[in-house]
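Please give a short tour of this structure for someone meeting it for the first time. Cover the sheets, the cores, the ligand site and a few single residues.

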Amino acid sequence: MSLNHVRPWRDIYRRKSRQIMVGNVPVGGDAPIAVQTMTNTLTTDVAATVAQVQAVAEAGADIVRVSVPDEASSKALKEIVRESPVPIVADIHFHYRRGIEAAEAGAACLRINPGNIGDEKRVKEVIKAARDHNCSIRIGVNAGSLEKHLLEKYGEPCPEAMVESGLEHIRILQDNDFHEFKISVKASDVFLSAAAYQGIAEATDAPIHLGITEAGGLVSGTIKSAIGLGNLLWMGIGDTIRVSLSADPVEEVKVGFEILKSLGLRHRGVNIISCPSCARQGFDVIKTVETLEKRLEHIKTPMSLSIIGCVVNGPGEALMTDVGFTGGGAGSGMVYLAGKASHKMSNEQMIDHIVEQVENKAAELDAAAEAAE
Ligand code: SF4
């Protein structure tokens, strides 16, 4: 449940799941919902991959996935893991040797479907490697690559087939007494994904990795993910999320966080509340917000800032934010601190001034959090 229980209409009751570890990041149970993304560099280009892992970690990614399609990538993985500030998940398809190599290379988790890697002996070898190296496993069911026997049984990819596929993979791990796993049942169709996730959420207590696969470009994919993932998270389903966009992975992380922030499930950085602006605006709201978003990217402390064009909504929004600015006409506006009108500031100096106010507030909140520990 979020901390919003004084306002019951904001409560989200999270599904109870087991907790596993992906490196040092807990996933499931009452752990914060982890944000993931995936690199799109060549894994064998260690420098480029490490740079991207660092960039997405700086943007807030808790866990990063890297493709391991061949032996050279397994070798590169070892160096990437060494340099990475966050746990690395190795993405393996079919090839059991890659799974073993990735576990040996220090991957924190393998994304692999045990039912797709060959005979029992091979499955046991991969599970042993995972166990020996403290590596968890993510079962990744995808509507686009369902097993033939399930497609024959159900006729087409459908929620029931996806859940059955997931349970078959789970059974293999359980039969081998391996329980450090999580599961995803992704589809590019929002309805199919949502139904499959609801089904798997009822059928297992394993932590759930949420995602809408191949969601699309930055705008369309963001909307699709916000609807699909947002809906499931609102129902309390999901322990870690990955937004898939045909865009820079840093954008995936930002969108993932925004979805969680909108639902009050995670808080990070400055939540800017701003009006769309209109003829009443006392300053250029759109340009100001664009500039502030960039200038405040370094702030990780959860806090709120309202930037409102005029007094129609400014004072009301400022009441609920840590720092606020409301346009007032005659080239200046009012600065609000902790919900109260504090002082006037000219439009020309207001960006530098707001950045300073936000930085001061962040330092104050950090100090208070440290003192409370
Ligand atoms: S707050 Fe004022 S400037 Fe902003 S959209 Fe509303 S009326 Fe227009």
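Which strands does helix α12 lie across? Helix α12, residues 350-372, lies across β11, β12, β13, β14 and β15. Its direction runs at about 160 degrees to β13. Keep in mind that this is a predicted model.

## The five-stranded sheet

Those strands form an open sheet of five, in the order β11-β12-β13-β14-β15. The pairing in this sheet is mixed. Strand β11 (270-274) and strand β15 (340-346) are the edges, and each pairs on one side only. On average, neighbouring strands here are turned by 20 degrees against each other, direction ignored.

Helix α10, residues 285-295, also packs on this sheet. Helix α10 touches β11 and β12 (303-308), and its direction makes about 155 degrees with that of β12.

Now look inside the sheet. Strand β13 (residues 323-327) and strand β14 (residues 332-337) run antiparallel and are joined by five bridges. Across this pair, Thr-326 stands opposite Met-334 in β14.

## The eight-stranded sheet

A second open sheet has eight strands. Their order is β8-β7-β6-β5-β4-β3-β10-β9, and the pairing is parallel. Strands β8 and β9 (209-210) stand at the edges with a single partner strand each, so one side of each has no neighbour in the sheet.

Take the β8 edge. Strand β7 (residues 136-142) pairs with β8 in the parallel sense over six bridges. Gly-140 has Ser-184 in β8 as its bridge partner.

Is edge strand β8 buried or exposed? Six of the six residues of β8 (residues 181-186) are buried, so this strand is largely enclosed by the rest of the structure. Both of its faces are covered. Phe-181, Ile-183 and Val-185 are buried on one side. Lys-182, Ser-184 and Lys-186 are buried on the other.

Then take the β9 edge. Strand β9 pairs with strand β10 (residues 240-242) in the parallel sense, over two bridges. Here His-209 has Thr-240 in β10 as its bridge partner.

## The nonpolar cores

The largest nonpolar core has 76 residues. Leu-77, Leu-110, Met-162, Leu-210 and Leu-233 touch the most other members. Helix α9 (residues 249-262) gives the largest share of this core, six residues.

Leu-110 shows what such a residue meets. Beyond its neighbours within four places in sequence, Leu-110 is in contact with a list of residues including Val-89, Ala-90, Val-126 and Ile-137. Gly-99, Ser-136 and Arg-138 are also among them.

Another core, of 23 residues, lies apart from the largest one. Its members include Ile-299, Met-303, Ile-308 and Val-355.

## Around the ligand

Ile-308 turns up again in the shell around the ligand. The other residues there are Cys-275, Ser-277, Cys-278, Arg-280, Gln-281, Gly-309, Cys-310, Val-312 and Asn-313. By class, this shell has five nonpolar, four polar and one charged residues.

## Three single residues

The table sets out where three residues sit and how accessible they are.

| Residue | Place | Relative accessibility | State |
|---|---|---|---|
| Ser-73 | helix α2 | 2% | buried |
| Val-86 | loop between α2 (71-83) and β5 (88-91) | 14% | buried |
| Phe-94 | loop between β5 and α3 (96-104) | 54% | exposed |

Why do Ser-73 and Val-86 count as buried? Buried means under 20% relative accessible area. Ser-73 has 2% relative accessibility, and therefore counts as buried. Val-86 has 14%, so it is buried too. The cut-off for exposed is over 50%, and Phe-94 has a relative accessible area of 54%.

Their contacts fill in the picture, leaving aside neighbours within four places in sequence. Ser-73 is in contact with Thr-43, Thr-44, Ser-67 and Val-68. Val-86 is in contact with Val-53, Ala-57, Ala-61, Asp-62 and Val-64. Phe-94 touches Asn-116 and Ile-117.

Two distances link stretches of the chain. Val-86 and Thr-37 are 49 residues apart in sequence and 11 Å apart in space, C-alpha to C-alpha. Phe-94 and Gly-118 are 24 residues apart along the chain, and their C-alpha atoms are separated by 7.7 Å.

Definitions and conventions
Residues numbered from 1 in each chain as written. Predicted model: local features only at pLDDT ≥ 70, side-chain atom pairs only at ≥ 80, totals over all residues. Heavy atoms only, no water. Near = heavy atom within 4 Å. Nonpolar A, V, L, I, M, F, W, Y, C, P; charged D, E, K, R; others polar. Pairing = 2+ DSSP bridges. Helix = DSSP H or I, 4+ residues; strand = E, 2+ residues; numbered from the N terminus. Axes fitted to C-alpha atoms, helices over the stretch in contact; angles between N-to-C directions. Contact = heavy atoms within 4.5 Å. Buried < 20%, exposed > 50% of the residue type's maximum accessible area, 1.4 Å probe, protein only. Core = buried A, V, L, I, M, F, W, Y, C linked by side-chain atoms within 4.5 Å.
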